[in-house]
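This report concerns one protein chain, shown below. Please keep the sequence and the structure in view while reading.

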Amino acid sequence: MAFGVYIHIPYCIQRCTYCDFATYEQSKILPPDQYVELLFKEIRQKHRYYTPQSLDTIYFGGGTPSLIPANLIVAIIKELGRYGFTTRPDTEITIEINPATVSKEKLKTYLDNGINRFSVGAQTFDDRLLKMVHREHSAKQTLETLDLLRAHGVNFSFDILFALPSQTVEGLRRDVEIAVEQGAKHISPYCLTVPDGHPLSKGRPIDDEQVEMFDIIADELTRKGFQQYEISNFALPGFESRHNMLYWVDQPYWSLGLSSHSYSKESSWGTRYWNINSINEYQKQILAFDGQEFDSPVRHLPSNQVEVLEMHQALTDFCHTSMRLMRGLNVEQLQAKFPQNVSEKVLQIMKNMEEKSWIRHDNGHWSLTREGLVLSNRVFQELTFLQEDL
């Protein structure tokens with residue numbers, strides 16, 4: 001069984017117009033050393049939730065983890081090690097960085113301490129669009145950061161944002177071409193999602209154009225040797241995100257920090273638990289348990305921060321995460337995890353969707369067709385179960 005740790009670092013230079021993550025402008029939150037001290041306390045309180053083990057992955061997300069001093073990032077890795085959650089030479093350690101937030105010295109500290117994967121928040125190489133969404137960096141700064149990463153031969157990935165107001169197909173194609181030319185091994189295209197009435201909701205490409213944009217990204221990347229291994233993720237062979245795969249293949253993960261969500265297998269169908277998304281309330285809760293240790297979220301956290309899954313919830317999660325992957329849902333794993341009558345019900349639903357050409361069956365797996373990719377929300381709706389359904 002694989003296992004990884006996610007650490008949320010909620011510091012940003014400026015909040016982007018479209019962002020709904022639990023982040024703060026760096027001047028409006030605790031100093032980084034105080035926040036990291038809270039993480040240390042959280043590790044001490046919760047380390048007994050899981051068996052000490054070597055970690056397959058560590059992921060520093062945000063926010064912009066590269067904004068805080070590099071020695072604090074290293075200190076978090078070492079603190080996990082003190083409680084038996086150690087790293088190996090092959091542990092994938094990812095840090096999200098923004099252009100112009102990493103120097104040669106900071107990069108050296110990262111590399112010297114095992115960080116071996118960098119997720120670059122480029123979004124686009126169009127300065128006009130960057131300003132529109134309140135990104136502080138410029139395309140030139142992105143290219144300078146990539147020059148630094150390439151000079152050290154490191155593995156880096158890209159996020160590309162599409163369906164922005166006034167964004168053109170030609171501009172999007174250029175973003176993809178530059179990302180590939182710059183040496184990204186992994187690319188994650190994200191469609192801008194904002195509610196009606198949001199400043200960025202005006203002038204966006206219509207739905208059909210959004211689908212065309214995604215198809216262009218997929219075609220360009222496939223032509224360059226990338227493989228789509230998940231709905232929103234493409235990678236050169238061997239460079240898939242091992243950490244994100246934990247979420248999609250029903251493996252446990254421990255998440256630390258503001259608003260982070262975790263999953264353990266301490267109960268029959270799994271347990272999900274999460275942290276508060278207000279920095280003041282998160283701090284208050286961590287300090288309230290200072291010096292204590294717990295062996296379960298059920299015996300530690302209030303009931304509104306814990307969910308002991310029932311079978312229908314576990315089934316929904318299993319189907320949704322499996323179908324996000326291009327390899328799809330493994331029938332043997334479905335039958336091993338759930339009772340026969342339940343797995344048969346799922347397989348009947350799959351056959352019904354196969355008749356609509358939304359999914360296909362191949363070599364023991366059910367997976368999305370190209371049409372199913374476009375209609376994936378409909379597929380997930382069919383695979384959402386209530387207690388009375390079982």
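The text that follows treats the domains, a set of paired strands, a helix and a serine.

The model is predicted: local features need pLDDT of at least 70 and side-chain atom pairs count only at pLDDT 80 or more, whereas totals for chains, interfaces and linings use all residues. Residues are numbered from 1 along each chain as its sequence is written, and side-chain values use heavy atoms, with hydrogens and water left out.

**Domains.** An automatic or database domain assignment divides the protein into domain 1 (4-246) and domain 2 (311-389). Between them, 10 residues of domain 1 are in contact with 10 residues of domain 2, contact meaning heavy atoms within 4.5 Å. The two domains bury about 830 Å² between them, and carbon and sulfur atoms give 59% of that area. On the domain 1 side, the residues that lose the most area to domain 2 are Gln-228, Glu-230 and Ile-231, together 54% of what that side buries. Buried area is the accessible area (1.4 Å probe) that two parts lose on being put together, summed over both.

**Strands.** Helices (H or I, at least four residues) and strands (E, at least two) are DSSP runs, numbered from the N terminus; two strands pair if DSSP finds at least two bridges between them. Strand 13 (residues 271-274) is joined to two other strands, as tabulated.

| Partner of strand 13 | Bridges | Direction | Partner of Tyr-273 |
|---|---|---|---|
| Strand 12 (residues 261-264) | 4 bridges | antiparallel | Ser-262 |
| Strand 14 (residues 306-308) | 3 bridges | antiparallel | Val-306 |

Strands 12 and 13 form a hairpin with 6 residues between them, and Gly-270 in the turn has a positive phi of about 100°. Thr-271 and Tyr-273 make up the covered face of strand 13, while Arg-272 and Trp-274 lie on the uncovered one. In a regular strand the side chains alternate between the two faces of the sheet.

**Helix 9.** In helix 9 (residues 279-288), the buried residues (under 20% relative accessible area, 1.4 Å probe, protein chains only) are Ile-279, Tyr-282, Gln-285 and Ile-286. Seen down the helix axis, these fall within an arc of 130°, so they line one face of helix 9; the arc is that of the directions from the axis to the C-beta atoms. The face turned away from the buried side carries the exposed residues (over 50%) Asn-280, Lys-284 and Ala-288.

**Ser-157.** Ser-157 lies in strand 7 (residues 155-162) and is buried, with a relative accessible area of 3%. Its side chain makes a polar contact of 3.5 Å with that of Ser-119; such a contact is a pair of N or O atoms within 3.5 Å, where within protein one must be able to donate a hydrogen and the other to accept it, and residues adjacent in sequence count only if both atoms are side-chain atoms. Not counting residues up to four places away in sequence, Ser-157 touches Arg-117, Phe-118, Ser-119, Val-120 and His-186.
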